[in-house]
Amino acid sequence: MSINKKTTIVSAVLVSSVLLSGCGLFGSGGKEKIDPPQSSVTYTDEESAVTGETTNTETGTDKAGNEEAVTGTIQTELYLINKDGLVVPQTLELPKTESVATQALEYLVKDGKVTELLPNDFMAVLPADTKLSVDIKDKVATVNFSKEFKDYQVEDEQKILQAVTWTLTQFDTVDKVKFQLNGNALNEMPVGGTPIGESYSRGNGINLDTTDILDVNNTRPVTVYYIGGSEGSYYYVPVTKRVSNNEKNDYKAVVNELIKGPSYVSNLDSLFLPEVKLLDDPKIENGKITLNFNEAVYSSEEKIISEHLLTALVLSLTEQKDIEGVAITVDGKAELVNEKGEKLTEPVTRPEKVNTGSF
């Protein structure tokens, strides 16, 4: 990744960069947990009462109940395909329904309901005319696809697995996904034979990047978020990379991958300059991680950190299931400020939804 490219994006981002303190990056009430993931949907007592029985009615109400009652919509993350073939979350306003998981997958079908809602340069991933049902039991979602599910190109196989799995696991009732075709279990994908196993989860990764990895057996996966899109329409892209087992600390490994940046051929970028370094090991306390950087982490002489850099850092670290908030110090001092000159006195938490189009 060239320094010139990074500098260009930093300059563009700083124009609109705003840092918020307290409850979150975008004013959200808290972190959307990834393992198990949570959405802005909570489930009714009636649904909880049938936990343990197979059901495909994911009845729920939005946490912002009054507003949703007026709008009749619910924010849902759909994992769509961008122009570079990457699987990317896009939060869209979908009609309110009692079957949020089923609806989310229906909006992944090409030439279907999602067509009029697709952001520029994005496409759905499931073959056109695919019909499906979703049954959820004990945090496992079983998806039964119609025969049209097989009508895809082999190069899209992993994208389909990832898009379906990550879309469903945004809901706090789903940790794993099982795949069926016409009621028969799929242990591998029907076109290229990509292994599924008994079930698939976020642990299998997304947008897998094994660049420069010679010995896969001596590595482990971590998922980090890089920046995609263009000026005025940036978005965050999860990428699963392989890191050496010689680095025992997962948090340091995440930060190092952000600094290292994405593959040169990915059309993604990181706002971390190569000179950025952690001065100490990360400190963990009650779900909060504190990172002490050198001054290279600043994006300007005014000691302001880019909002996009901070968001990518928070999204990446909160993929670790024990992290709920991120605090940053520079040379041991908590000197981060927003554009109003106010100090960021609280850990920054994960936004409830990713890529809402509000940045």
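The following exercises, with worked solutions, concern a predicted model.

Local features need pLDDT of at least 70 and side-chain atom pairs count only at pLDDT 80 or more, while totals for chains, interfaces and linings use all residues. Residues are numbered from 1 along each chain as its sequence is written, and side-chain values use heavy atoms, with hydrogens and water left out.

**Exercise 1.** Determine whether proline 89 is buried or exposed.

*Solution.* Begin with its place: proline 89 lies in strand 4 (residues 87-95), a strand being a DSSP run of E of at least two residues, numbered from the N terminus. Next, take its relative accessibility, which is 0%. Buried means under 20% relative accessible area, exposed over 50%, and partly exposed in between (1.4 Å probe, protein chains only). Proline 89 therefore counts as buried.

**Exercise 2.** Identify the residues that threonine 240 touches, apart from those up to four places away in sequence.

*Solution.* Threonine 240 belongs to strand 11 (residues 235-244). Contact means heavy atoms within 4.5 Å. On this basis, threonine 240 touches Gly205, Ile206, Asn207, Leu208, Asp209, Pro221, Val222 and Thr223.

**Exercise 3.** Explain why strand 6 and strand 9 each have one side without a neighbour in the sheet.

*Solution.* First, establish the order: the open sheet of four strands runs 6-7-8-9, with mixed pairing. Two strands pair if DSSP finds at least two bridges between them. Strand 6 (132-137) and strand 9 (184-186) stand at the edges with a single partner strand each, so one side of each lacks a neighbour. Finally, examine one pairing: strand 6 and strand 7 (residues 140-145) are antiparallel over six bridges.
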